[in-house]
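Student: I have a new structure in front of me and would like to learn how to read it. Could we go through it together?
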Amino acid sequence: MKGLLRNVAVQATLGWILGTYLRLVLRTIRWRHENVACVEPVLAGDSGAVALFWHGRIPLCLSVAPQWWRKQTRAFVSPSADGEFIAKALAMSGFPAIRISSAKKGDSAKARQAVAAIREAVSWVSEGNALVVTPDGPRGPNEVIAPGALQIARRSGQPVFLMGIAANPAAQMKTWDKVMFAAPFGRGAVVWEGPLQVPPDADDQAIQALIEDWSARLSAVTRRAEALVGRAPH
């Protein structure tokens, strides 16, 4: 299966299918945004931003496109086989990827790639652009923020926004991230929170405390979005 997913033709086909689905979801679902005014100063100004939503809501991610289309915006995407067609799908809608690898312990090559991607992201956000990240991807654990997004925010000095996304009716798969696929012509909600800041002098202990706090907050706005569309949490 992994070999098949690495086939160029397969990647292109899957990317087109996902990209088409993403745009269908954006155009046919009645999207409601709560507290979106919190991000308006960034969208209208010169500040950069880091925006976070959970990995399992990637199929719903174009719900926030009308906001982030107002800035130069890129997405953090894994260089894995499934990440490749996700990157192609997002590029179809104007969100080119920065490819980030979550290196396993002892994998020096992937560690170097991850450092290079973080540097590219810091530079991108520092220049006044936006970066969208699924901070529990690509491997999980589900709804636990990995430190990379916070390190980008700390080093760039730019604000972080949380985006809880949900739709109903929708199917939720039994994957590690409980990925959600919405049916067209339903209801959707995005709940925004921010701006949040990572202090420039935050040490590892402070970063860990923020990870715990912000993971809980991102899950809370996701549950709020589910409640707004009448969907029970899974």
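Tutor: Gladly! Let's begin with burial: of the 234 residues of the chain, 50% count as buried. Keep in mind that this is a predicted model.

Student: Which helices and strands should I look for, in terms of how many there are?

Tutor: The secondary structure comes to eight helices and seven strands. As for overall shape, the radius of gyration of the chain is 17 Å, close to the 17 Å that the globule rule gives for 234 residues, so the chain is as compact as a globular protein of that length. Along the principal axes, its C-alpha atoms fill a box of roughly 45 × 45 × 30 Å.

Student: What share of the contacts between residues at least 6 apart in sequence joins residues at least 24 apart?

Tutor: Among those contacts in the chain, the share is 78%.

Student: And what about the surface: how much area does the chain expose?

Tutor: The chain exposes about 10900 Å², and carbon and sulfur atoms supply 57% of that area.

Student: Now a single residue, please. Where does glutamate 143 lie?

Tutor: Glutamate 143 sits in a loop, the one between strand E5 (130-133) and helix H7 (147-156).

Student: Why does glutamate 143 count as buried?

Tutor: We compare its relative accessibility with a cut-off: buried means under 20%. Glutamate 143 has 19% relative accessibility, so it counts as buried.

Student: Which residues is glutamate 143 in contact with, leaving aside its neighbours within four places in sequence?

Tutor: They are Trp54, Asp136, Ser215, Ser219 and Arg223. Two of these deserve another look. The side chain of glutamate 143 makes a polar contact of 2.6 Å with that of serine 219, and a polar contact of 3.1 Å joins the side chains of glutamate 143 and arginine 223.

Student: Let's turn to the cysteines. How many disulfides does the structure hold?

Tutor: First the general idea: a disulfide is a covalent bond between the sulfur atoms of two cysteines. In this case, the structure holds zero disulfides. Cysteine 38 is in no disulfide, and the nearest cysteine sulfur, that of cysteine 61, is 18 Å away. Cysteine 61 is likewise in no disulfide, with the sulfur of cysteine 38 as its nearest cysteine sulfur, 18 Å away. For a disulfide, the two sulfur atoms would have to be within 2.5 Å.

Student: Are these cysteines buried or exposed?

Tutor: Cysteine 38 has 14% relative accessibility and therefore counts as buried. Cysteine 61 counts as buried too, because its relative accessibility is 8%.

Definitions and conventions:
Residues are numbered from 1 along each chain as its sequence is written. This is a predicted model: local features need pLDDT of at least 70, side-chain atom pairs count only at pLDDT 80 or more; totals for chains, interfaces and linings use all residues. Side-chain values use heavy atoms; hydrogens and water are left out. Helices (H or I, at least four residues) and strands (E, at least two) are DSSP runs, numbered from the N terminus. Buried means under 20% relative accessible area, exposed over 50%, partly exposed in between (1.4 Å probe, protein chains only). A polar contact is a pair of N or O atoms within 3.5 Å; within protein, one must be able to donate a hydrogen and the other to accept it, and residues adjacent in sequence count only if both atoms are side-chain atoms. Contact means heavy atoms within 4.5 Å. The radius of gyration is taken over C-alpha atoms; the globule rule is 2.2 Å times the number of residues to the power 0.38. Accessible areas come from the Shrake-Rupley method with a 1.4 Å probe; for residues, only the protein chains shown count as cover.
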